[in-house]
Amino acid sequence: MSAPAPSASPPRIAAGAASVPGSGIREIVMLAYGREDVVHLEIGEPDFATPRHVVAAGDLTLATHNRYTPSAGIPALRTAVAGRLHQHYGLNDDPDSVVISQGAVQGLAAVMTVLLEPGDEVLVPDPAWPNYEMQALLLGARPVRYPLRPERSFRPDPLEVASLVTDRTRVLVINSPSNPTGAVLEPGLVRALVEIAVERDLVVIADEVYDQIIFDGVHANAAAMAPESVVSVFSFSKTYAMTGSRVGYLTGPSWLVPTVARVQEPLLSSISAAAQASALAALEGPQDVVGRMVSTYRERRDLVVDRLRSAGLTVEAPAGAFYLMLPLVAGADSRLAALDLVHRGVALAPGTAFGDTARSHLRLSLASSAQQLSTGLDRFLDWYEATSGGNR
């Protein structure tokens with residue numbers, strides 16, 4: 001029997017998937033991958049070891065109870081998370097208000113899956129972690145950027161945000177402490193953004209992954225301001241240096257969380273039992289390890305800011321997270337700069353990976369040792385001097 005003739009119309013890629021761009025961060029990561037001559041300051045990967053008691057809890061579960069778990073997370077972890085959120089932010093302490101996710105990224109994706117339909121609009125910060133836009137595009141929604149301008153210390157103007165709301169807008173994404181800028185939004189500013197959402201019948205998705213990594217000011221939890229209009233998303237990855245475990249969690253309105261919990265089943269069935277055991281140990285165990293890591297990040301921030309300012313660069317000292325935005329000369333293409341810098345021995349993420357507003361900036365991660373940061377800054381400043389002609 002002869003083989004069937006090929007179709008005149010080959011199978012197609014879904015429009016949403018086809019529209020998702022590649023990550024500008026990942027481009028630099030892959031270019032620098034495996035190169036021992038490159039100082040890696042391009043990615044948010046804590047250089048601390050995962051605490052021993054956290055690792056031990058996961059190992060024990062692997063050895064004794066490595067089985068399926070409930071789609072929304074094991075009850076003990078949901079209860080512990082609800083208790084933590086109630087203690088820190090006064091939120092509902094009902095475990096049913098919490099969903100455990102495969103890292104914060106999957107939690108965000110689950111919420112957007114529940115909220116968005118093709119043609120809907122999502123307001124996202126610019127600059128911002130690129131996955132917000134990727135997830136919206138994957139669902140056929142349209143990301144609309146609101147600027148976080150350097151002259152405003154990378155903070156949004158609520159009036160400008162409000163002006164971008166249309167009858168198609170469904171979601172407002174806010175992120176504090178910010179990736180990539182390290183900005184921490186003051187409680188009054190967070191409240192102003194939440195009020196816009198309430199007035200215009202939007203849902204706020206608050207990315208609060210770095211809520212415990214604060215150097216200056218305080219973290220303002222958006223859900224506490226309007227519990228029925230805000231979904232707050234968190235992660236164990238950065239706080240406890242356990243990025244590979246892939247455990248996040250979210251809490252949100254009573255009308256939304258049960259649906260998010262239900263869609264976990266078709267999305268991933270369940271989260272790793274061992275990873276959830278590790279996360280529970282992280283919450284219930286000693287918290288001084290978090291304070292030590294934050295203190296170290298603060299020391300690194302001060303080292304980098306002092307060094308750059310001494311070299312004549314005007315930089316905004318991040319108030320949280322572990323990133324800093326490096327300004328280039330006006331009009332510089334940060335992607336081309338980042339590509340060139342890899343060949344000069346230092347990897348930095350280009351501002352173009354995060355939107356349009358910071359196209360002439362590079363993102364530096366403070367999640368590397370002081371020695372690596374010093375070496376990376378030496379290489380960056382040598383390159384900067386050579387390419388900018390001393391024009392600062």
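## Buried rings

A residue counts as buried when its relative accessible area is under 20%. Keep that cut-off in mind while looking at this structure, which is a predicted model. Phe-322 has a relative accessible area of 0%, so this residue is buried. Tyr-210 comes out at 4%, so Tyr-210 is buried as well.

These two residues also belong together. The structure holds 11 aromatic pairs, and Tyr-210 with Phe-322 makes one of them, in an edge-to-face arrangement. Their rings sit 5.5 Å apart, centre to centre, with 90° between the planes. Tyr-210 is in the loop between β6 (203-207) and β7 (230-235), while Phe-322 is in the loop between α11 (288-310) and β9 (323-327), so the pair ties together parts that are 112 residues apart in sequence. There's a bit more to it: ring pairs link Tyr-210 and Phe-322 with Phe-48, Tyr-297 and Tyr-323 into a cluster.

## The largest pocket

Now for the open spaces. The largest pocket holds about 650 Å³ of space. Its lining is made up of 27 residues, and those nearest the centre are Arg-26, Gly-44, Trp-129, Lys-238 and Arg-246. Sorted by type, the lining has 12 nonpolar, 9 polar and 6 charged residues.

Which helix gives the largest share of this lining? That's α5, with 4 residues. Three helices, α2 (24-32), α5 (103-115) and α6 (131-138), supply at least two lining residues each.

## Closed-off cavities

There are also 3 cavities of 30 Å³ or more in the structure. The largest of these cavities has a volume of about 80 Å³. Among the residues lining the largest cavity are Pro-125, Pro-127, Tyr-146, Phe-154, Asn-175 and Leu-185. Its lining counts 9 nonpolar residues, 3 polar ones and no charged ones.

## A look at Ile-43

Finally, pick out Ile-43, in the loop between β1 (39-40) and α3 (52-64). Is Ile-43 buried, exposed or partly exposed? Its relative accessibility is 31%, so Ile-43 counts as partly exposed.

What does Ile-43 touch, leaving aside residues up to four places away in sequence? The contacts are Arg-26, Val-29, Arg-363 and Ser-365. Arg-26 has come up before, as one of the residues nearest the centre of the largest pocket. Ile-25 is worth finding too: Ile-43 and Ile-25 are 18 residues apart in sequence, and their C-alpha atoms are 7.5 Å apart in space.

Conventions:
Residues numbered from 1 in each chain as written. Predicted model: local features only at pLDDT ≥ 70, side-chain atom pairs only at ≥ 80, totals over all residues. Heavy atoms only, no water. 1 Å grid on protein atoms, 1.4 Å probe; cavity = no way out; pocket = protein on both sides within 12 Å on 5 of 7 lines; lining within 4 Å. Points joined across faces, edges and corners; volume = space filled by probe spheres on them. Nonpolar A, V, L, I, M, F, W, Y, C, P; charged D, E, K, R; others polar. Phe/Tyr/Trp six-rings, centres within 6.5 Å; stacked < 30°, edge-to-face > 60°. Buried < 20%, exposed > 50% of the residue type's maximum accessible area, 1.4 Å probe, protein only. Contact = heavy atoms within 4.5 Å.
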